[in-house]
Amino acid sequence: MIETQAYSNLQRLSETMQTQHLKELFAQDPNRFDAFHLRMDGMLFDFSKQKVSTEVVDELLNLADEQQLESWIKRLFDGDRINHTESRAAWHTALRDVSEPRPEVAQQWRKLESLVNQIHQKQFRGYSGKPITDIINIGVGGSDLGPLMVTHALEQDRLACAPEVHFVSTLDARQLHTLLRHLDPATTLFVIASKSFTTIDTLSLAETAKEWLLQHAPNPQVVVNHFVGISTNPTKMTEWGIIPSQQLLFWDWVGGRFSLWSTIGFSIAVRLGMTGYNEMLAGAHAMDQHFKNTPFKQNIPVLLGLIGVWNTNFLNLSAQAILPYDSRLKYFASYLEQLEMESNGKSTRRDGSPVEYRTCPILWGEVGPNAQHAFYQLLHQGTERVMSDFILFSQWNSPSKRGSFHQNLNIANCLAQSRAMMIGESSEDRHKHYPGDQVSNTLLLKQLDAHHLGMLIALYEHKVFVQSVIWDINAFDQWGVELGKKLALNILGHIEEKSVEGLDSSTANLLKTIWKQHHEN
């Protein structure tokens, strides 16, 4: 990136833009919105509250050209092995074209649909012959966050025939034990979701679930009726005890944090039905087509990604806030934390050389009205400069007579906060002074349903990819996750052997203190 002519030009432009207050940009051009927003069917992207000019946008587009973004997008959609460190494609987009699915994908959709229909029609039964009333999804990372986020967001679209769906991911098992106290083993189905089916976090929880069932089932053989497995590894699923008819597969070219589009989305399909699930895929596919075919100057994922690069590398902003103004998106910021920071939290370029510039910002967020009473103080009067994404839906079908009032209040708060961050407010009392000049985007979607949520998720996926191309890093591996797992197994061995030999003094003495406190109890 730094070798390009556009980078040099952007460095020069940033020196001027950093001294410009956002409210001055609007004073200079009251119609600024006209030049700095984009639309596609169902979505408006307003980036007029960014410190950009037409010249800045043009140079960002030149940077994309110099980094060969168009070629990389083609390689992504063609299924090339762009995840070069693992010699894999990153082909999650191939899962979203339901009109022309790949044969192996179509086969798994049929199997998933069959299982979903059995559950909805009360034909999927446990050891007592009673139909399933509760499903517990056991997974971690992408096998948990994606389905959890979507099912919570689309709770209002849940089918009446769908069972309750619960999610368990914490390896301390407290989540699981709390759930099991209130559930009937005869009517509970466990979904074991693990790409490799070797993840110790997931499998340890699965074993706990199996033990619970064995305590209640009339014989061990019928316990198999209570497990569905989802993995790329059918051999491991069979070895664990999941029968082939209840195994759902996906492929190594589907990264974990992109896997909700695969059979990992089983829990979503159970809640929404296949029609609802396919609507979500169709929304993502619509964003795929926009990203793939729209000129960069009108391309929402491209501009969203490039503006993030501008803020990170030229305006030196190191933090990104995700602020959805809809309580149904409670888990959306958490989902994006994994998507962005696991994808682009890298310090090595594709050729193995170290990067010489900042890559992924620190990302966090919360539902907007809650965040207003938490960390907005920092955004308005703190010392940190932060880039924010406001996410808003224009329509809301409320069962309450006061629904329109609540929606108007919600819209007013969202627009007021983005405006306040932009203009600020002067005061002779420094305690009441708001500097403003905090940059933000606003994403306005028509409504929160399966189609528009699919669009929104795919938008951020493509934003992440755009930025990885500009930064010359691989967005699709996650080697940084592996070291902690490896050391955890090593320390587990020390715990089982009651030995601290070879450990550092901090780890050794923490273990000794833990053992002492256990003994005292």
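In the predicted model, Lys 51 and Asp 437 form a salt bridge in which the closest N and O atoms are 2.8 Å apart. This pair links distant parts of the chain, since Lys 51 sits in the loop between strand E2 (43-46) and H4, Asp 437 sits in the loop between H16 and E11, and the two residues are 386 residues apart. Lys 51 has a relative accessible area of 7% and is therefore buried. Asp 437, at 16% relative accessibility, also counts as buried, because the limit for a buried residue is under 20%. Side chains of opposite charge can pair when their charged atoms come close.

The structure holds 23 salt bridges. Another of them joins the side chains of Glu 155 and Arg 271, with an N to O distance of 2.3 Å. Glu 155 belongs to the loop between helix H7 (142-153) and strand E4 (164-168), and Arg 271 belongs to helix H11, so this pair ties together parts that are 116 residues apart in sequence. Glu 155 is partly exposed, with a relative accessible area of 39%, whereas Arg 271 is buried, with a relative accessible area of 5%.

A salt bridge is also found between the side chains of Lys 346 and Asp 477 (2.9 Å, N to O). Lys 346 lies in the loop between helix H13 (332-344) and strand E9 (362-365), while Asp 477 lies in the loop between H17 and H18, so parts that are 131 residues apart in sequence are tied together by the pair. Lys 346 and Asp 477 are both buried. In addition, a network of salt bridges links Glu 3, Arg 349, Arg 350 and Asp 472.

Helix H5 (residues 69-78) was examined for the placement of its residues. Leu 69, Trp 72, Ile 73, Leu 76 and Phe 77 of this helix are buried. Seen down the axis of H5, the buried residues fall within an arc of 135°, so they line one face of the helix. An α-helix has 3.6 residues a turn, so residues three or four places apart point the same way. Glu 70 and Lys 74, on the other side of H5, are exposed. The cover over the buried residues of H5 includes helix H4 (54-66), helix H11 (266-293), H12 and helix H17 (450-471). H5 is followed by Gly 79, which has a positive phi, near 80°.

Two of the helices that cover H5 are H12 and H17, and a buried residue from each was considered. Asn 313 is part of helix H12 (residues 300-314). With a relative accessible area of 9%, Asn 313 is buried. The side chain of Asn 313 makes a polar contact of 2.6 Å with the side chain of Trp 471. Apart from neighbours within four places in sequence, Asn 313 is in contact with Met 1, Tyr 357, Arg 358 and Trp 471.

Ala 458 is located in helix H17 and counts as buried, at 0% relative accessibility. When residues up to four places away in sequence are not counted, Ala 458 touches Arg 96, Trp 261, Ala 284, Met 287 and Asp 288. Ala 458 and Asn 441 are 17 residues apart in sequence, and their C-alpha atoms are 17 Å apart in space.

His 433 is found in the loop between helix H16 (403-423) and strand E11 (440-445). This histidine is buried, with a relative accessible area of 17%. Not counting residues up to four places away in sequence, His 433 touches Gln 381, Glu 425, Ser 426 and Ser 427. The loop between H16 and E11 also holds Asp 437, the partner of Lys 51.

At the surface, Ile 200, Leu 489, Leu 492 and Ile 495 make a nonpolar patch of about 330 Å². Helix H18 (residues 482-497) gives the most to this patch, with three residues. Ile 200 lies in helix H9 (residues 200-214) and counts as partly exposed, at 45% relative accessibility.

Conventions:
Residues are numbered from 1 along each chain as its sequence is written. This is a predicted model: local features need pLDDT of at least 70, side-chain atom pairs count only at pLDDT 80 or more; totals for chains, interfaces and linings use all residues. Side-chain values use heavy atoms; hydrogens and water are left out. Helices (H or I, at least four residues) and strands (E, at least two) are DSSP runs, numbered from the N terminus. Buried means under 20% relative accessible area, exposed over 50%, partly exposed in between (1.4 Å probe, protein chains only). A polar contact is a pair of N or O atoms within 3.5 Å; within protein, one must be able to donate a hydrogen and the other to accept it, and residues adjacent in sequence count only if both atoms are side-chain atoms. Contact means heavy atoms within 4.5 Å. Patches are made of residues with over 30% relative accessible area and no salt bridge: like charges are joined within 9 Å, nonpolar side chains (Val, Leu, Ile, Met, Phe, Trp, Tyr) within 5 Å. Accessible areas come from the Shrake-Rupley method with a 1.4 Å probe; for residues, only the protein chains shown count as cover. A salt bridge is a side-chain nitrogen of Lys or Arg within 4 Å of a carboxyl oxygen of Asp or Glu. The arc is that of the directions from the helix axis to the C-beta atoms.
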